[in-house]
Amino acid sequence: CHDSILSWGPVDLAAFRNWLRRRYQSTDQLNEAWGNAFWSMDLQSFDEVSLPNLAVTETNPAARLDFWRFQSSQVAAYDRMQCDIIREHSPGRWITHNFMGFFNEFDHWPFRGHLDLASWDSYPIGFVERFPFSEAERNRWAETSHPDIAGFHHDLYRGVGGGRFWVMEQQPGPVNWAPWNPVPRPGMVRLWTWEALAHGAEVVSYFRWRQAVSAQEQMHAGLNLPGQKELSQGGREAAQTGAELKAIALPKPGPSPVAIVYDYEAAWVTRIQPQGQDFRYFELVFRWYEAVRRLGLDVDFVAPGDDVTGYALVLAPSLPHVSDLTAQALAEAKGHVLYGPRSGSKTWHFGIPANLPPGPLADLLGMRITQVSSLRPGLSDKVGGKVSGAAIRWREFVEGGRAVLARFENGDPALVASDGHHYLACWPDEKLLTSTIALLARKARLKTVKLPPNVRLQRRGDLVVALNYGPAAWTPPALGKRILGRGPVGPCDVGIWRASGG
């Protein structure tokens with residue numbers, strides 16, 4: 001669960017020391033890797049290693065990153081152990097695990113080798129309170145959720161599951177654990193269900209069947225009213241969706257045109273040393289995903305180092321450490337690639353690359369970064385050229401760049417390009433991000449649809465599903481033959497088409 005992965009007991013310390021012995025072999029190599037000469041941190045023995053916490057001031061970031069890697073590997077090893085036991089003693093059964101929303105405390109990608117499919121717990125309204133939205137955004141999406149919260153995680157866990165995923169727990173009404181727990185607007189439980197199916201879910205399972213009348217979770221809704229054999233509003237919408245499904249055969253999901261590289265270590269690196277208080281990796285990735293989805297484009301999430309040759313557009317919102325495998329995979333991309341701030345800024349051991357950031361990407365992009373600046377709230381730096389808007393939160397100082405597509409107000413490069421590879425040297429505001437993603441989509445020759453902020457399109461095979469999170473009806477463009485609904489897609493409603501030629 002949240003804040004439960006990093007454990008700080010004596011058993012953890014002993015296991016961490018053994019992990020470091022196997023990894024580094026000698027304290028000389030460990031001292032060199034961690035830069036322990038600084039602040040007189042040299043170790044003479046692995047038994048001198050302490051947990052990277054409870055220090056008077058900042059602990060060594062390289063040690064913290066290794067400790068996070070160690071703890072993450074423990075979670076993966078424990079999962080693998082359980083899977084091996086089940087397969088030995090109960091063969092022929094599928095195995096899954098339900099992951100969570102906005103959860104970056106361990107690396108999920110290794111689980112592709114253990115599980116038959118991934119699952120996750122979808123609480124779209126509850127997660128509005130987990131994400132650092134503005135108060136205006138939270139109020140806007142309080143009773144529906146933001147239209148990308150569920151879709152973001154469907155796509156991520158489809159990737160973690162090797163192309164297969166379930167929704168293990170779907171929110172059926174108000175929950176009990178968020179700071180505020182509003183009732184979803186009528187239609188939203190049905191919409192969330194169809195949304196999951198549109199993104200490729202094989203199963204949507206609701207938590208829970210009947211609301212309990214006592215104990216800790218008594219305020220968490222179910223498909224039936226508390227203690228009653230009577231469907232709740234969410235239960236009635238689930239029943240309606242089930243009836244609709246009987247008439248619609250769901251095709252197998254296909255690949256998306258856009259890939260986003262999701263790097264759990266990037267979340268750890270930027271949390272260990274944010275350099276700017278509001279630099280949050282998961283928030284940056286979410287906003288890039290939102291910009292793509294507002295253009296009506298489908299997304300696959302991929303791990304660093306995955307083959308991306310089949311994608312027209314590849315996005316790496318931030319990729320601090322670029323391994324040799326990842327660098328090679330990105331260099332071999334046949335589509336256009338966009339890198340975001342801090343990409344290539346760290347070595348494996350949390351150092352600054354000898355050739356300066358973007359490190360392994362420098363030759364590919366023909367540039368280097370000499371300084372970075374975190375911008376406190378209220379500060380920004382205008383950007384103009386092929387794209388326009390402003391840098392907020394984070395701004396980098398670029399030297400070189402084979403083709404400069406946009407510049408900061410003082411003339412420094414802001415967006416550079418080289419043979420299909422692009423680098424955006426800042427945290428972009430909404431205008432700059434929207435125009436940058438739109439530019440890359442045009443360069444990749446992708447067919448886009450400019451959608452209202454509250455509407456999303458998702459394709460599953462030859463089906464096109466429209467989801468309206470907003471308060472007003474939406475009139476869609478020609479999408480094919482309508483097989484669910486008619487006319488405009490109403491508020492909190494769903495429309496489904498079979499694409500022309502399908």
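The paragraphs below describe the aromatic pairs, the nonpolar cores and one antiparallel sheet of a predicted model.

A good place to begin is with the aromatic side chains, since the structure holds 38 aromatic pairs. In one of them, the ring centres of F16 and W19 are 6.2 Å apart and the ring planes meet at 25°, so this pair counts as stacked. Both residues belong to helix 1, which covers residues 10-24, and they are three residues apart, or about one turn of that helix. F16 is buried, with a relative accessible area of 0%, and W19 is buried as well, at 11%.

A second pair, formed by F102 and F131, is tilted, with 5.2 Å from centre to centre and 40° between the planes. Here the two partners come from distant parts of the chain, 29 residues apart. F102 is in the loop between strand 1 (98-99) and strand 2 (118-122), while F131 is in the loop between helix 4 (124-128) and helix 5 (135-140). Both F102 and F131 are buried.

Aromatic rings also meet charged side chains in this model. The charged end of R342 is placed over the ring of F279, at 4.7 Å from the ring centre. In another case, R395 lies over the face of F408, and the distance to the ring centre is 3.9 Å.

The next topic is the interior. In soluble globular proteins, nonpolar side chains tend to be buried together. The largest nonpolar core of this structure has 119 residues, and the members that touch the most other members are W34, Y262 and F301. Helix 10 (residues 281-293) gives the most to this core, contributing nine residues. The surroundings of F301 show what such a position looks like: leaving out residues up to four places away in sequence, F301 touches W109, F152, D155, L156, G159, I260, Y262, V285 and Y289. Apart from the largest core lies another one, of 22 residues, which includes V314, A327, I369 and V416.

Attention now turns to the sheet. Four strands form an open sheet in the order 16-17-19-18, with antiparallel pairing. Strand 16 and strand 18 (481-484) are the edge strands, each pairing on one side only. From one strand to the next, the twist averages 30°.

Within this sheet, strand 17 (residues 463-468) has six of its six residues buried, so the strand is largely enclosed by the rest of the structure. In a regular strand the side chains alternate between the two faces of the sheet. In strand 17, L463, V465 and L467 point one way, whereas V464, A466 and N468 point the other way, and all are buried.

Strand 17 has a partner on either side in the strand order. With strand 16 (residues 455-460), strand 17 runs antiparallel and is joined by six bridges. One of the residues in this pairing is V455, whose bridge partner in strand 17 is N468. The two strands form a hairpin with two residues between them, and there G461 takes a positive phi near 60°. With strand 19 (residues 493-498), strand 17 again pairs in the antiparallel sense, over six bridges. In this pairing, V465 stands opposite I496 of strand 19.

Helix 7 (residues 188-198) lies across strand 16, strand 17, strand 18 and strand 19, and runs at about 30° to strand 19. The loops on its two sides offer a contrast in accessibility. The loop between strand 3 (165-170) and helix 7 contains P179, and this proline counts as exposed, because its relative accessibility is 58%. P179 is also far along the chain from E32: the two are 147 residues apart in sequence, and their C-alpha atoms are 46 Å apart in space.

H199, by comparison, is found in the loop between helix 7 and strand 4 (204-206). With a relative accessibility of 1%, H199 counts as buried. Setting aside neighbours within four places in sequence, H199 is in contact with G151, H154, D155, R158, F165, Y289, R293 and Q458. Among these contacts, D155 and Y289 also appear in the list of residues that touch F301.

How values were computed: Residues numbered from 1 in each chain as written. Predicted model: local features only at pLDDT ≥ 70, side-chain atom pairs only at ≥ 80, totals over all residues. Heavy atoms only, no water. Phe/Tyr/Trp six-rings, centres within 6.5 Å; stacked < 30°, edge-to-face > 60°. Buried < 20%, exposed > 50% of the residue type's maximum accessible area, 1.4 Å probe, protein only. Lys NZ or Arg CZ within 6 Å of the ring centre and 35° of its normal. Core = buried A, V, L, I, M, F, W, Y, C linked by side-chain atoms within 4.5 Å. Contact = heavy atoms within 4.5 Å. Pairing = 2+ DSSP bridges. Axes fitted to C-alpha atoms, helices over the stretch in contact; angles between N-to-C directions.
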